[in-house]
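Please open the model in the viewer and keep the selection panel at hand. The tour proceeds from one selection to the next.

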Amino acid sequence: MRTKTFIALLLSLCLLVSCSAFDYDKLRSRDGLMMYVGSTSYALQYEGSNDCTGIGYRIEWNGKITRTVGYQITDTLYDYAVLNEEDYKTLYEFAELSRKKDPFKDYSERVYDGWIWEFEYYYSEDKDPFEIYKGYCYNQEDLQIVLDMLESYFPDIKYIPAPTEEAEDNPAPSGNTGNDPDPVVETAVDTLTPKGYASVDYFKSFYGLYDVIDDRYIEDFILFQQITEDDMFEHDYGKDLIDSFDNGDYSQFGYSMNWNELNFQELTLNARIDITNAIDNSRWIYMVFEVPIPDSDETERVTMLSDFHHNMFYFDVDEDNYRNSRKKLDLTELAKEIQVDMIPEDAERQDPDRDKYALSYEYDVYIFTYDRHFIHISNNTYYRFHQSFDVYWKLVYYREFNEEYEVNTAGT
């Protein structure tokens, strides 16, 4: 059903535009990610429950699909499959036609809760992915056909139930008891640390910002500015948001690592527990290196950023707006686990011979927390862990890119 109707649509469109030639073997020989289709649940969820929070499909050029299913409590579920040639062709031509014609650029659905889906096409290694669509798509047949296709490769979603609180200890919200025309819908912001920030929908309703700026920017702005509902009665954050967005000032959304370094409060590093506490509440871990280029007196500036709020990893970071970085991909669970144990216990020990653990490069690490503090670790930090850190970041790199880090004479 899905294949016939979708291929019919593709054939009719191909009469109007020139489709890229489909060479299955050649396309499958390409490396890296071809498409990402992912969702976030904006349905109301209760503390202590183990509801599904999001589903993602990573489709690589070789045809491999990795499905991830996130939950409130239990670990992310991973499943794997491989596209058959027919579905591969269908998906590829869908992505190419979307990139050329952008048929969903003006499409939207007004839904107050449910699942928001994002479709991204990584058509070129040297360019940012093309955003095919982001938003609700319950009534968009072509997008639903893609979702049905991907879902057909996997078994039903299962997870290990987690303990839930008794109903009397965790009462359901009472709903819209005030005079607001619409109930306030809880979003991802409401589950963050520290809690108590205004929700995205409340913010949009309060300032009349519907269909003005994408929810993801509003959510990041609220979180970064730490805006509560009470704050909104004291200051016009809606104007600040619009002005910052229109002026391209992404520092107010937290995207400028230069601005963050200058304006966050640096925490004094007195003991290893300070680093552990910062990692437990970290929003970003930002790493900067000056790595020698082989057979040269020059160095290569290398930057890596783990964004734990969005579960994204960035390489060759645009320090004014890290979302424009040269390479970006999902932050894998294995990479996140490595970062929890960022500093091994024996790495903090002082050694009289401070050159014993010297590295051939300079490094600076910034652990930025949700409450706008940071810890700075470098070659000159009192607590030294040079050799262990060298192993740590290279392992993170390997888990993300599935290849060893190398610097050559042309740079990375």
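Select tyrosine 361 first: in this predicted model, the residue has a relative accessible area of 6% and is therefore buried, since the cut-off for that class is under 20%. Add tryptophan 393, which is likewise buried, with a relative accessible area of 1%. The ring centres of tyrosine 361 and tryptophan 393 are 6.0 Å apart and the planes meet at 90°, so this is an edge-to-face pair. The two residues are 32 positions apart and link distant parts of the chain: tyrosine 361 belongs to the loop between helix H11 (333–340) and strand E12 (362–369), whereas tryptophan 393 belongs to helix H12 (residues 386–401).

This pair is one of 47 aromatic pairs found in the whole structure. For another, select tyrosine 250 and tyrosine 255, whose ring centres lie 6.0 Å apart with planes at 20°, so the pair is stacked. Tyrosine 255 has 0% relative accessibility and counts as buried.

Next, display two places where a charged side chain meets a ring. Arginine 323 is positioned over the face of tyrosine 217, 5.9 Å from the ring centre. Lysine 327 is positioned over the face of phenylalanine 401, and here the distance to the ring centre is 5.4 Å.

**The seven-stranded sheet**

Now select the strands of the mixed sheet. In which order do its seven strands lie? The order is E7-E13-E12-E8-E9-E10-E11, and the sheet is open. At the edges are strand E7 (265–266) and strand E11 (327–330); each has a single partner strand, so one side of each lacks a neighbour in the sheet.

Begin at the E7 edge. E7 pairs with strand E13 (residues 373–378) in the parallel sense, over two bridges. To locate this pairing, select glutamine 265 and its bridge partner in E13, histidine 373.

Move on to strand E8 (residues 282–292) and strand E9 (residues 299–307), which are antiparallel and joined by nine bridges. Valine 291 has glutamate 300 of E9 as its bridge partner. The two strands make a hairpin with six residues between them, and aspartate 295 in the turn has a positive phi of about 60°.

Follow E9 onward to strand E10 (residues 312–315), to which E9 is joined by four bridges in the antiparallel sense. Leucine 305 stands opposite tyrosine 314 of E10. E9 and E10 also form a hairpin, with four residues between the strands; asparagine 311 in this turn has a positive phi of about 55°.

**The six-stranded sheet**

Select next the other sheet of the tour. It is an open sheet of six strands in the order E4-E3-E2-E1-E5-E6, with antiparallel pairing. Strand E4 (77–82) and strand E6 (130–135) stand at its edges with a single partner strand each, so one side of each has no neighbour in the sheet. From one strand to the next, the twist averages 10°.

Within this sheet, highlight strand E2 (residues 52–60) and strand E3 (residues 64–71), an antiparallel pair with seven bridges. Tyrosine 57 has arginine 67 in E3 as its bridge partner.

Then add helix H4 (residues 141–151) to the display. Which strands does H4 lie across? The helix crosses strand E1 (33–41), E2, E3, strand E5 (115–121) and E6, and runs at about 85° to E5.

**Phenylalanine 206 and its contacts**

Select phenylalanine 206 in helix H5 (residues 200–207). Its relative accessible area is 31%, and the residue is therefore partly exposed. Beyond its neighbours within four places in sequence, phenylalanine 206 is in contact with Met232 and Phe233. Add glutamate 229 as well: although 23 residues separate it from phenylalanine 206 along the chain, the two C-alpha atoms are 9.3 Å apart.

**The whole chain**

Finally, clear the selection and view the protein chain in full. Its secondary structure comprises twelve helices and 13 strands. Of its 412 residues, 46% are buried. Among contacts with a separation of 6 or more, 65% are between residues 24 or more positions apart. The chain exposes about 21,600 Å², of which carbon and sulfur atoms supply 46%.

Definitions and conventions
Residues numbered from 1 in each chain as written. Predicted model: local features only at pLDDT ≥ 70, side-chain atom pairs only at ≥ 80, totals over all residues. Heavy atoms only, no water. Pairing = 2+ DSSP bridges. Axes fitted to C-alpha atoms, helices over the stretch in contact; angles between N-to-C directions. Contact = heavy atoms within 4.5 Å. Buried < 20%, exposed > 50% of the residue type's maximum accessible area, 1.4 Å probe, protein only. Areas by Shrake-Rupley, 256 points an atom, 1.4 Å probe, with all protein chains shown as cover. Phe/Tyr/Trp six-rings, centres within 6.5 Å; stacked < 30°, edge-to-face > 60°. Lys NZ or Arg CZ within 6 Å of the ring centre and 35° of its normal.
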